[in-house]
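Please read the following report alongside the sequence and the coordinates. It moves from charged pairs to surface patches, and then to single residues and their surroundings.

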Amino acid sequence: MDLKRTVGIAPNPDCLKEVIACQCELGREKLLTAPPYTRVSSPVKDETKSRFPTAPCARDLEQYKCPVSHILITFKSPLHPTEVFSKVFPANTPIKFVKRKLAKLLSKSNSNLLLTKNRTVLKETSVLSDLKPDALGNLAIDVFTKNSEDFALSSIPKESYVHELLQAVIPKKKTMPFIAIKFKVRNQNAVFTRSYHSIMKIHEIKKNLAGLFQVDPDNLVLLRGERPLKDRMALLDLDYDKYGIADVELLTKNNEVLNLEKLYKETPVNDVLTVMVPFGTTLKHINVEIFSELMAKPFLGGYRNVNTGVVYHHAYTQTPQKPEKLPPEKKSCRDTQTAEERERNYDTSYSRATQMNTVQAYIPNVNDRIVIPKPYETYEEMIRRLNHDHYASIIQRAFKHHQFRQKVERWLKVCLERIARMKEEERLEREAMERRLRRDLITKTFPKTREDFDQLYAMVDRWKHAEIARISQLHSKGPKIAEFTLLLDKEVELLRCIEAYRVKVKEDSRKVKEKQFLDEISKPVAWYGRDGKMITMDTVEIQKARKLKELYNSFLREDMEVNERIELLVDMKFALQEFRHALAEEIITLLDRECDLLVRRSNDYQLEFLRRRIAACVFQLIKTSELNSDVTKSKDRKDYRKMENSRLHLCEMCHQVKSDSDFPLNAKMSGFLVCNSCSWKDVTERSWIDMTPYKFILRAVQRDERRRKCWGSLAFVLQEKDVFFIVEKLWHSHSAISECHDMSELRLCRWHVQEDWSPWNCFLITVQEMKAHLKLEHPEDVYDEELVQKVRNKHKLAKASFEQLMTVNKRFTESGDWQNIRVPAATRLDAMDES
């Protein structure tokens with residue numbers, strides 16, 4: 001073969017430069033459809049130019065660069081350098097799942113493993129694609145254990161990660177690597193088929209056909225349903241069938257006749273593929289040469305038509321015949337003409353003895369039995385003597401009795417299991433109720449969040465209305481006025497105690513946050529070395545922050561004598577003189593004032609507010625980034641990123657721009673007007689309602705929907721205020737069946753069990769009634785007409801009240817986008833936040 005006319009991938013790897021292997025979905029096809037090369041020594045002749053392969057050959061290598069979708073991770077153990085383990089993961093896999101998979105393979109604890117890269121501990125929330133793998137999609141990660149526990153990567157069974165990679169990048173059924181286009185030439189009434197890569201453009205196909213038919217590419221027009229295809233359109237956008245075949249009409253602008261005889265007159269040439277094969281821990285490139293030569297068909301005879309003179313030859317299949325097992329030259333040999341001899345052993349016949357008395361043999365008759373014929377017995381007499389029916393009835397009676405005993409035992413077992421299960425369910429419900437009451441009692445006794453304080457305010461409000469109702473029953477006017485006066489004093493005293501406790505909780509929360517902030521800025525930088533031990537480093541900024549933390553903590557001490565206090569103030573004064581800042585000068589002035597008051601024998605009560613001011617100034621000095629060398633900017637940056645990535649809205653009361661998470665949410669709202677802090681401060685906006693039972697009802701609905709695997713339900717969008725509206729305004733806080741008013745027993749279940757839960761498909765009943773209701777498929781056939789009509793009216797009111805939510809639900813349900821929505825049911829705000 002003439003090497004100068006070779007067209008295809010270069011046999012020599014040095015001929016092709018800057019080739020980047022790709023492991024995405026087009027990786028395997030890219031190996032097969034690599035661009036051709038052209039030797040500089042000899043130009044390609046016209047005959048070779050007329051032959052264009054169907055694979056894309058005119059595109060640059062830069063157009064085939066694709067992102068890595070799967071990454072080959074090589075786990076290494078610095079303690080055992082010779083042991084490695086490799087596994088393929090998707091590029092969007094978080095580190096925590098990689099860590100969980102490796103811990104399962106090593107049979108180790110997930111919390112005990114540490115994954116590092118370049119001596120840096122990897123965060124569990126980071127993604128593999130963010131770790132910057134190499135061009136081939138390879139990544140090396142070191143594995144450590146926190147308690148220096150020994151492990152062996154070689155103990156993990158080796159997996160075929162190449163097979164995993166190929167299985168991961170196999171295209172799906174709808175994505176075809178190659179698309180066969182069936183061209184219909186309109187003016188010539190001809191059809192031919194060509195195969196192209198799915199990422200090729202229409203102008204590339206026109207260029208291919210123009211070179212094949214020797215015409216101008218601009219003269220060709222491709223039609224799809226009487227509409228011309230655009231030149232920048234890719235083949236992936238065509239409507240091809242499941243086999244990857246698309247029909248396209250081909251015509252020329254000037255009705256030029258195409259020479260279709262050049263389609264299949266392609267000379268067989270060699271082709272070379274570069275295959276990437278794993279070799280140990282590296283990948284080796286191997287060149288594979290493919291020969292595509294025509295087979296010489298033998299002449300098998302034929303016949304000639306005497307009328308027309310046309311000669312017909314007998315057909316020959318393209319599949320070659322199987323070669324004979326023994327070639328003809330080996331049929332005339334010594335082995336063929338020589339018989340093979342084998343030796344076998346056969347048993348010869350021998351004499352056997354008989355049981356007949358002869359002169360030569362004597363057989364004793366000691367064991368012989370004399371048989372005497374009995375009277376003839378008919379078939380009816382034999383049946384009567386054997387009496388099969390009697391014994392069969394005994395066997396059947398015994399077997400039926402045995403079956404009955406088994407059924408009774410099985411029924412008894414099922415009954416005992418059901419009773420035990422019912423008792424267990426009652427015990428679990430009782431324990432859950434006790435835990436709920438205990439938790440409510442703890443939250444009422446030691447409130448921490450705004451919801452807990454709302455619960456206390458709601459208790460005071462209920463007590464006030466009960467007292468007003470009791471006092472209103474009195475007939476005389478004087479005692480009423482006296483009772484109302486005492487009631488007002490008691491209410492004011494209760495509200496004052498609750499508010500004082502809330503201020504104390506807020507102050508304790510502030511102190512905890514200050515302590516956490518100081519610990520965070522004075523914490524040294526830590527990482528794990530090659531031996532698995534933790535290494536810490538103190539920078540100049542960290543040392544300065546630790547010094548300020550010690551000064552602040554020592555200033556807050558209250559168990560010091562006057563002399564020790566004065567020495568401490570003097571030390572702080574000299575320590576703050578190195579800071580050239582107006583705030584530091586103000587603190588030094590305040591320290592001199594406290595020293596002067598201590599010398600004048602002022603007590604701690606008189607110095608309380610001065611010390612609070614000094615402590616606040618010292619903490620503000622620590623938070624100043626100009627003096628603390630950029631250490632305290634970390635939290636501000638996080639808050640800025642949080643605000644930057646969220647939607648911002650303006651609060652109409654405090655006139656501050658806040659994110660949407662800082663506003664109260666409910667399904668009936670039309671916009672963000674007042675934030676959570678302002679709504680809790682404003683008495684007109686605040687309603688003393690205990691949301692604990694309504695939150696419990698919402699959580700119960702969400703648990704039931706999650707157990708039914710119904711992720712598209714509206715129960716995950718509604719808030720506690722929406723459930724309060726449904727229970728209080730629509731169902732009037734009592735069961736629709738038994739009129740029960742106990743909120744701890746009420747539940748919102750589905751009206752139609754087979755449909756998703758929604759405000760217009762709910763039913764407020766007790767727990768025991770819900771267990772019986774959920775067993776009904778058609779509740780309209782069981783309940784009376786009055787109750788059914790009442791439930792329908794409630795559902796109509798719910799649709800009218802949640803009209804906006806109903807429209808959104810219809811749009812998302814019809815489009816199928818509910819699976820992508822994960823809105824939390826409620827946003828829990830702590831009382832430690834700014835109020």
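## Salt bridges and their setting

E608 and R612 are four residues apart in helix α14 (residues 608-623), so about one helical turn separates them. In this model, which is predicted, the side chains of E608 and R612 meet in a salt bridge with an N to O distance of 2.9 Å. E608 counts as partly exposed because its relative accessibility is 30%.

This pair belongs to a wider set, as the structure holds 32 salt bridges. Among them is the one between R565 and E594, whose closest N and O atoms are 3.3 Å apart. Because R565 lies in helix α12 and E594 in helix α13 (residues 582-599), the pair ties together parts that are 29 residues apart in sequence. Both of these residues, R565 and E594, are buried.

Another salt bridge joins D704 to R708, with 3.0 Å between the closest N and O atoms. R708 is partly exposed, its relative accessible area being 29%. The three pairs with distances are collected here.

| Salt bridge | Closest N to O distance |
|---|---|
| E608 and R612 | 2.9 Å |
| D704 and R708 | 3.0 Å |
| R565 and E594 | 3.3 Å |

Salt bridges can also be linked to one another, and R186, E226 and E249 form such a network.

## Surface patches

Which residues form a negative surface patch? The patch is formed by E561, E564, E567 and D571. One of its members, E561, is placed in the loop between α11 (540-555) and α12 (562-576), and E561 is exposed, with a relative accessible area of 57%.

A second patch has another character: Y379, M382, I383 and L386 make a nonpolar surface patch of about 350 Å². M382 is found in helix α7, which covers residues 379-386, and at 30% relative accessibility M382 counts as partly exposed.

## Polar side chains that reach the backbone

Two side chains can be described by the backbone oxygen that they reach. R750 is placed in strand β18 (residues 746-750), and its side chain reaches the backbone oxygen of V753 at 2.7 Å. Is R750 buried or exposed? R750 is buried, since its relative accessible area is 5% and the cut-off for a buried residue is under 20%.

S126 sits in the loop between β4 (120-121) and β5 (138-145), where its side chain reaches the backbone oxygen of K123 at 2.7 Å. With a relative accessibility of 17%, S126 counts as buried.

## Residues with positive phi

Most residues other than glycine have a negative phi. Against that background, two residues deserve a look in the model. Phi of N189 is near 55°, a positive value in a residue other than glycine. N189 is placed in the loop between β6 (178-185) and β7 (190-197), and N189 is exposed, with a relative accessible area of 75%.

For S733, phi is near 60°, again a positive value in a residue other than glycine. S733 is found in the loop between α18 (720-730) and β18, and at 11% relative accessibility S733 counts as buried.

## Pairs separated along the chain

The last two pairs are described by their C-alpha atoms. G225 is found in the loop between β8 (220-223) and β9 (245-252), and G225 is exposed, with a relative accessible area of 66%. The C-alpha atoms of G225 and V248 are separated by 8.1 Å, although these residues are 23 residues apart along the chain.

I697 is found in helix α17, which covers residues 692-707. How far apart in space are I697 and M743, C-alpha to C-alpha? The distance is 9.0 Å, for a pair that is 46 residues apart in sequence. I697 counts as buried because its relative accessibility is 1%.

Technical notes: Residues numbered from 1 in each chain as written. Predicted model: local features only at pLDDT ≥ 70, side-chain atom pairs only at ≥ 80, totals over all residues. Heavy atoms only, no water. Patch = residues over 30% accessible without salt bridge, like charges linked within 9 Å, V, L, I, M, F, W, Y side chains within 5 Å. Areas by Shrake-Rupley, 256 points an atom, 1.4 Å probe, with all protein chains shown as cover. Salt bridge = Lys/Arg side-chain N within 4 Å of Asp/Glu carboxyl O. Lys, Arg positive; Asp, Glu negative; His and termini not counted. Charge placed at Lys NZ, Arg CZ, Asp CG, Glu CD. Buried < 20%, exposed > 50% of the residue type's maximum accessible area, 1.4 Å probe, protein only. Polar contact = N/O pair within 3.5 Å; in protein donor to acceptor, adjacent residues only side chain to side chain.
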